[in-house]
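Dear colleague,

I am handing over a structure that I would like you to read slowly, with the sequence at your side. Please look through it once before you go on to my notes.

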Amino acid sequence: MSTRLSSGGRLLDRSRAVDFTFNGKRLRGFEGDTLASALLANNQTLVGRSFKYHRPRGIVASGAEEPNALVNLSQGGRFEPNQRTTTTELFQGLAATSQNHWPSLEFDVGVLNNYVSRLLPAGFYYKTFMAPRAAWKHVFEPIIRHSAGLGKAPRDRDADRYEHFNVHVDVLIVGGGVAGLQAARAVGAAGASVLLVEQTAHWGGRAPVDGAEIDGKPAVDWINSAVQDLESMDNVRLRRRCMGAGVYDHGYALAYERIADHIPGNDQPRHRLWRIRARQIVTATGAIERPLSFAGNDIPGVMLASAVRDYLTNWGVSPGDRTVVVTNNDDAYRTAIALKEAGLDVPVILDARPEATGALPDRARAIGIRVASGRGVATVKGGRIVTGVTVCAQAGEGAPLEQIDCDAVAMSGGWSPVVHLWSHCAGKLNWDPANAHFRPDPYRAPTNQSGEGFVKTAGIASGAMSTAEVMEDADAAGKAAAKAAGFTAKRTAAPKGNSEVEQPMAPVWVMPQGAGIRKRMKMWLDYQNDVKVSDVQLAAREGFESVEHAKRYTTLGMATDQGKLSNINGLAVLSQSLNADIPQVGTTTFRPPYTPISMGSIGGEARGALFQPVRQTPIHDWHSANGAYFEPVGQWRRPYCYQRTGESVEQAVHREVKNARQAIGVLDASTLGKIIVKGPDAGKFLDMLYTNMMSNLAIGKCRYGLMCSENGFLIDDGVVARLDDDTWLCHTTTGGAERIHGWMEDWLQCEWWDWQVYTANVTEQFAQIAVVGPNARKLLEKLGGMDVSKPTLPFMQWADGTIGGFDARVFRISFSGELSFEIAVPAEQGAAFWDALVAAGEEFGLMPYGTECLHVLRAEKGFIMIGDETDGTIIPHDLGLGWAISKKKADYLGKRAQERSHMTDSARWKLVGLETLDGSVIPDGAYAVGVGQNANGQRNTIGRVTSSYFSPTLGRGIAMGLVEHGPDRIGETIDFPTIDGTGTVIKAKIVDPVFYDKAGEKQDV
Amino acid sequence: MSETLSVPGQASTADRVTVSQSGPRGMISVRCDLGGSKLAAAMSKLAGVDIPEPGGINLKGPNGLAWMSPDELLVLGSYENAVTDAETLRKALHGTHHLVANVSDARAVFRLEGALVREVLAKLTPADVSPAGFGPGQIRRSRLAQVAGAFWMPDATTAEVVCFRSVGVYMLELLTNAARPGAEVRFF
């Protein structure tokens, strides 16, 4: 059983006990514990169930690579699934529950899968659930989803806050082990700005546990002085609990700081996502120990040798009284020695190599540990916990030689450099046969905008395997990064690392090497996804030769740990099955983030009121206070209508429409785009942008214009006013203001850069209010200040002046068909001007109206709306707007495209009005059906509705639509089947799209 | 139980960055050849400062000139004078290709004060706001969270932020949230 030792644990503060719960059971740890170490200290060796077979799972590792010990953490607004116990710092009141079991961790029904596991090989789902097709959705998928799956989804709103932080540094160093610290010292000494991030709460990485010496001092002492050294440098910043998550193009990197995970509820942001722009990045990300593939290697109590050493040294936890060590390298001997020195029993070290010589094996023997070379584990005994191992010859097929009782197994299959961050941005790897791992190829680094490498690796992340090599490599990496960032490195010697000389390791991918299928079916490669040696071999036999395909077929290396432990072992097994070399098989692609980061950190401050910016007009507060029912228009909020007490939205719209037609309405039109275009070539420029002529517009006049893309399709419309000899003011749609301004600048900067034209987007400089209806002029005359009579200010003209004391520019334009003035005043005065209009307009029956009323008014008049009648596939000719296309101009944007055969096809659907025979409203977007069927067996369509409203003016439904040969079919009736399931067909007559005041007399008064 | 835990934050009132919205400011957008002699003379008279270098802003009391692009300046001054100042500039630039637009009403202006002012900016903008990359005399046209914004530092512990008026409410909330105590990084 695992337990807390009476002494030891360099990271613990034993004077401060911390209470926590696991599955409701009250347990106690110490400050400095991780949840994993605290669970082990309480003999909680069973921590979860596996994904597929629901096998018992225990803690296998001690860091970010842990695949098994994932828990649901906390409750309510702080609940989060899939939290790794090995990287969760213990805090008072922590509450964790285990995952993936039903009904309980100890008794799990899903474990039945385990007994039929022979029926659930790789690709089982693909092979079994193919047919019938409908069964997948309704039968198979719900069952699989119930039985498989990790943590629960949170239910409550996140209680915490998050933020981003943008920094620019010369050199980012990822990893605060001895390599990262030394690299930072070298860069810092050169004077470059440095950010050093470390994912854990402690500096120094593994060196203190491994007993390394640096510059003649114990590693801990060197680490302390290095940190002090760095803290004293003005140009160096250190962050703990901050994981380098991803490396991206051009020296961009993300780091994930867990500020308050260990101190929840203290009002600090929980996570901070660092968005780092670095000239150079040094990854000192260390290495991960590989498991060994022997039968039963997933039984709780089987752990990585390094993890056993970590729990012992860092947290004073013994994983078991009797620990068998099984290894193919010297490093695991350190674990055996540490256990022995802590007074625990190590019955044997099973070394798969034919010989175990050298300093570490000798030392192990000297303190009385039995070393059995050429031996391996035939099988692990036990169910929910290890009870013993059967020993065999590594070279054989697994015939039992000996039984050894034990309650823990420490395994080591060698070390793999953490190459993830190096690889994120396409850094390449080389296979190192001596150490049986991939390591970064410094000559094929990720490259920046100049084609130069911007990532360097330091220490064991480079493949430097001894402390001495690590320190030299890290120092050189730091100096090289400083130089590449434009600084001169100090000519100082690297610190001298010292550790035992190690003998070569021997690659062991299957233990014993001749194991039969029964054993291989119990050799786990991927603990989280239940992928075994036999599964990968099956995938290879079934033709999944590419490592990427084999990964997806078997699920090897998927899920939350992304194969940190299984990657190399899996592809080694695959390559053996394919009879190919490992480098030929290659690796799967490493993608950011290194370990999962919270959704909250990605969103940063963008939640609640800050989720999305909402644009408000100068009159927004009045709208809010006067019953406005808002709708989003782009990022603006505009009143859809103004509801009065007891009134429905529909009733409000009808009232507003009638009132605008019969009395007077006002509309906040401030959101419409307003772009000034000025210069000697402005007329020529606008003639190219609009389909009609703008250069010949007289000063003081307005003209409606259409804009097309170079593909000929309508992209925007609006009224253009000529302000003076070389200045035009272009109105755009609400959503088009920024887009069209950008479109103009694009042409001016990239294509017609020699044209003398300047543009300015002055949309928000003005509040613009439409005063609409038969009484509109009366209201303006009452306010006074300028002559707005028809002779002085006729339809489609504008004038500057004052109205009611406000500086105003008045446009006689109408999108409603009524007598209409659009009045622009400086935005600061917008609210006051609106108030003045509303107050003075009372006697004329003034009511404000919203966007839906605007839509109804324009639809009654047959005016098109960009985004309703257009959808990116519509040309002006489709909408009967041929009159707005200049025949005189040699060219305009879209002209040539509109001459293509498909654009001139007479069968293009064209705009018409639609009147239902029963007066009802056709659903927006409804399709008209013709005779026959298309190639897919669907009914042929001959048209569709683009706008559809109830017209309060006419007392019936009206619609606009695009219909094949529509304008030639006026008077015909066509069918619009409904999709509400009733089978009803709405019959509509094709009519002229202008339903109201065809002659345009009402607007021109 | 974990919900009720509280550990004292690191905030001290001395570090607090205060955020306030300023009243309207005179802002005139001028597009023209920035090397022109007419421009330099007019600006010297109007704002009392030289044409700024790229990325620069020259301030003198309430007046100033900010570099916006290779052919665009922003003239800062009093709101009340903006209309006449714009007219003055149009006259001064008469005969050259130019565009002068009063944009005073189109903007919202904010003032941030406190020793950690750079941090508040760094939480929202990708621009380099380290002392090495940015300081008094410079302006950045960039992004603050999800909206466009420009900012400059009148002095080492003050920043002014300008955005479009329609997102002024968002910006005030955004800056106030970024300046909320308990999230000090102490990076710069």
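Below are my notes on the two chains, on the contact between them and on the nonpolar cores.

This is a predicted model, in which local features need pLDDT of at least 70 and side-chain atom pairs count only at pLDDT 80 or more, while totals for chains, interfaces and linings use all residues. Residues are numbered from 1 along each chain as its sequence is written, and chains are lettered from A and ligands numbered from 1 in the order in which they are written.

Chain A has 1005 residues, of which 55% count as buried (a residue is buried if 20 or more other C-beta atoms, placed from the backbone, lie within 10 Å of its own, exposed if 12 or fewer, and partly exposed in between). Its C-alpha trace spans about 115 × 70 × 55 Å along the principal axes, and the chain holds 27 helices and 52 strands (DSSP runs, numbered from the N terminus, of H or I over at least four residues for helices and of E over at least two for strands).

Chain B has 188 residues, and buried residues make up 46% of them. There are 4 helices and 10 strands in chain B, and its C-alpha atoms fill a box of roughly 75 × 30 × 25 Å, taken along the principal axes.

How many residues does each chain bring to the contact? Chain B brings 43 residues and chain A brings 46 residues, where two residues are in contact if their C-beta atoms, placed from the backbone, lie within 7 Å. On the side of chain B that touches chain A, the elements that give two or more residues are β2 (26-31), β6 (99-102) and α4 (168-178) of chain B, and α4(B) gives the most, with 6 residues.

Turning to the interior, the largest nonpolar core has 248 residues, and those with the most contacts inside it are A:Val171, A:Ala183, A:Ile769 and A:Val771 (such a core is a set of buried Ala, Val, Leu, Ile, Met, Phe, Trp, Tyr and Cys residues joined through C-beta atoms within 7 Å). Helix α5 of chain A, residues 178-189, gives the most to this core, with 8 residues. If neighbours within four places in sequence are left aside, the contacts of A:Ala183 include A:Ile173, A:Val282 and A:Ala458. Another core, of 99 residues, lies apart from the largest one, and A:Leu39 and A:Val302 are among its residues.

With best wishes
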